[in-house]
Amino acid sequence: MMTWAQLREAEATWVRGFAAMPEFDEQEPAAHRAIKTLLEAGRRDLRTVLSLKFPYFPRDGHDRIPRPGTPEMDADLRRVDAVLSVVMDQVDILVIGNEPFIECPEDDWTNGAINDFYETIARHVIDYRTRNFPNGGKTVLHMGALNHLDEPGKWVNSGTDRWMRFVRETPEIAGTDIHPHVAAPDGARAYLDYVLPRLGDKRFLVTEFSLVHLWKDHLEDPVSTAYADEYEIPRDTPVWQVIRNALRDPFPKERWYAFLRTSPWFENNKHYLTDQMAEFRATGRLAVATYGIGQDEAMSGADFNAESTPWLLNSVYASATIRPGPDGSAVPNYAWLPEFKALQHS
């Protein structure tokens, strides 16, 4: 979990959060943890991004995304209005959507339904802003976020093409968000190759990015011989087992660092943040990029196994896998903090 102390130490300038719309059936937006945090961040002179999440996951029993004019769509619009009444002109960037193609039944990707839904939400937000802030206010609108653009056979389709066309042709929308979680250091290039020609003169936002799929490809590798011998564990111990051990009984900092430093798949990519940001910035079209700070509960369960997605290796701080410092504070994860700090000033 992110703390203000971590943000100060990391010299962060932006804070991003997301809010799932069904939560507002039971909770006032002003009391929602992510929204409260973003508003407080604004008071602390940090800039802020809020993503509106519409979770219509098939795994949760959803077989279709709501259609405009239905009671389900109207319910989402009411939830959006409740959130807008608290965040509009308060957050710097509002992203309409979180990961829409992941959070939607696959049948609705190419039949127009996903586009009808998000375009309806977007026009509703635009109308709200126009009515309440005739001069526009400070909140900039983006659509977001596209995933897996490096897998064109499935994830690049008529729905994503229409998505980009709407972004390009709607004056009130500043650009699109992308989430390039990739399996190789050059993996984000496919995202840029897709969105840049379709953006017109607009910009792209990157509220998540990482090499998490590269890390996952190595979970069943044995740890390095050097690490195994130094810490007297079997040489055939798999990477995932070390991570699970650290989650169950956090390591001293030196041991966690040794584990990653002696893992070539990680050590050889420890400058990923700097390299990836250089590629984003070289386009001249980057709006903002944000990166994960802490190992939160969703990524740090003690049941970690060979099939888990190792999000926790991305985090700037290792609150779940390294024992707290003498003052009780989270210790930085290996490699990321110095480069994160430098990027705030480059």
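Biologist: What makes His 148 count as buried or exposed in this model?

Modeller: His 148 has a relative accessible area of 18%. Buried means under 20%, so His 148 is buried. Do keep in mind that this is a predicted model.

Biologist: Where does His 148 sit, and what is its phi?

Modeller: You will find His 148 in the loop between β4 and α5 (152–155). Its phi is positive, about 55 degrees, although His 148 is not a glycine. A little earlier in the chain, a cis peptide bond joins Gly 144 and Ala 145, with omega about -25 degrees. Ala 145 belongs to strand β4 (residues 140–146).

Biologist: What is the phi of Asp 89, and which loop holds this residue?

Modeller: Asp 89 has a phi near 70 degrees, which is positive in a residue other than glycine. This residue lies in the loop between α3 (71–87) and β3 (93–96).

Biologist: Why is Asp 89 called partly exposed?

Modeller: The relative accessible area of Asp 89 is 25%. Partly exposed covers what falls between under 20% and over 50%, so Asp 89 takes that label.

Biologist: Let's turn to charges. How do you know that Arg 67 and Asp 108 form a salt bridge?

Modeller: The closest N and O atoms of Arg 67 and Asp 108 are 2.9 Å apart. A salt bridge needs a side-chain nitrogen of Lys or Arg within 4 Å of a carboxyl oxygen of Asp or Glu, so this pair qualifies. The pair links distant parts of the chain, 41 residues apart: Arg 67 is in the loop between β2 (47–53) and α3, and Asp 108 in the loop between β3 and α4. With a relative accessible area of 23%, Arg 67 is partly exposed, whereas Asp 108 is buried at 2%.

Biologist: What makes Glu 106 and Lys 154 a salt bridge, and which parts do they tie together?

Modeller: The N to O distance here is 3.7 Å. The limit is within 4 Å, so Glu 106 and Lys 154 form a salt bridge. Glu 106 lies in the loop between β3 and α4 and Lys 154 in helix α5, so the pair ties together parts 48 residues apart in sequence. Glu 106, at 45% relative accessibility, counts as partly exposed, and Lys 154 is partly exposed too, at 41%.

Biologist: Why is Glu 169 called exposed while its partner Arg 168 is not?

Modeller: Glu 169 has 54% relative accessibility. Exposed means over 50%, so Glu 169 counts as exposed. Arg 168, at 34%, counts as partly exposed. The two form a salt bridge with the closest N and O atoms 4.0 Å apart. Elsewhere, bridges that share partners join Asp 116, Glu 119, Arg 123 and Arg 162 into one network. A search of the whole structure finds 20 salt bridges.

Biologist: On to the rings. Why is the pair of Phe 209 and Tyr 291 called stacked, edge-to-face or tilted?

Modeller: The structure holds 24 aromatic pairs. In this one the ring centres are 5.2 Å apart and the planes stand at 55 degrees. Planes under 30 degrees apart count as stacked and over 60 as edge-to-face, so this pair is tilted. Phe 209 and Tyr 291 are both buried. Ring pairs also link them into a cluster whose members include Phe 204, Trp 215 and Trp 336.

Biologist: What makes Lys 53 a charge over the face of Phe 18?

Modeller: Lys 53 is 5.1 Å from the ring centre of Phe 18. The distance limit is within 6 Å, and Lys 53 does lie over the ring face. Arg 255 lies over the face of Phe 251, at 4.7 Å from the ring centre.

Biologist: Last one: which residues touch the most other members of the largest nonpolar core?

Modeller: Leu 50, Ile 243 and Trp 256 do, in a core of 105 residues. Helix α4 (residues 113–132) gives the most to this core, with nine residues. Leu 50 touches, among others, Phe 18, Ile 35, Leu 38 and Val 83. A second, separate core of five residues includes Val 49 and Leu 205. In soluble globular proteins, nonpolar side chains tend to be buried together.

Conventions: Residues numbered from 1 in each chain as written. Predicted model: local features only at pLDDT ≥ 70, side-chain atom pairs only at ≥ 80, totals over all residues. Heavy atoms only, no water. Core = buried A, V, L, I, M, F, W, Y, C linked by side-chain atoms within 4.5 Å. Buried < 20%, exposed > 50% of the residue type's maximum accessible area, 1.4 Å probe, protein only. Helix = DSSP H or I, 4+ residues; strand = E, 2+ residues; numbered from the N terminus. Contact = heavy atoms within 4.5 Å. Phe/Tyr/Trp six-rings, centres within 6.5 Å; stacked < 30°, edge-to-face > 60°. Lys NZ or Arg CZ within 6 Å of the ring centre and 35° of its normal. Lists of a residue's contacts leave out its neighbours within four places in sequence.
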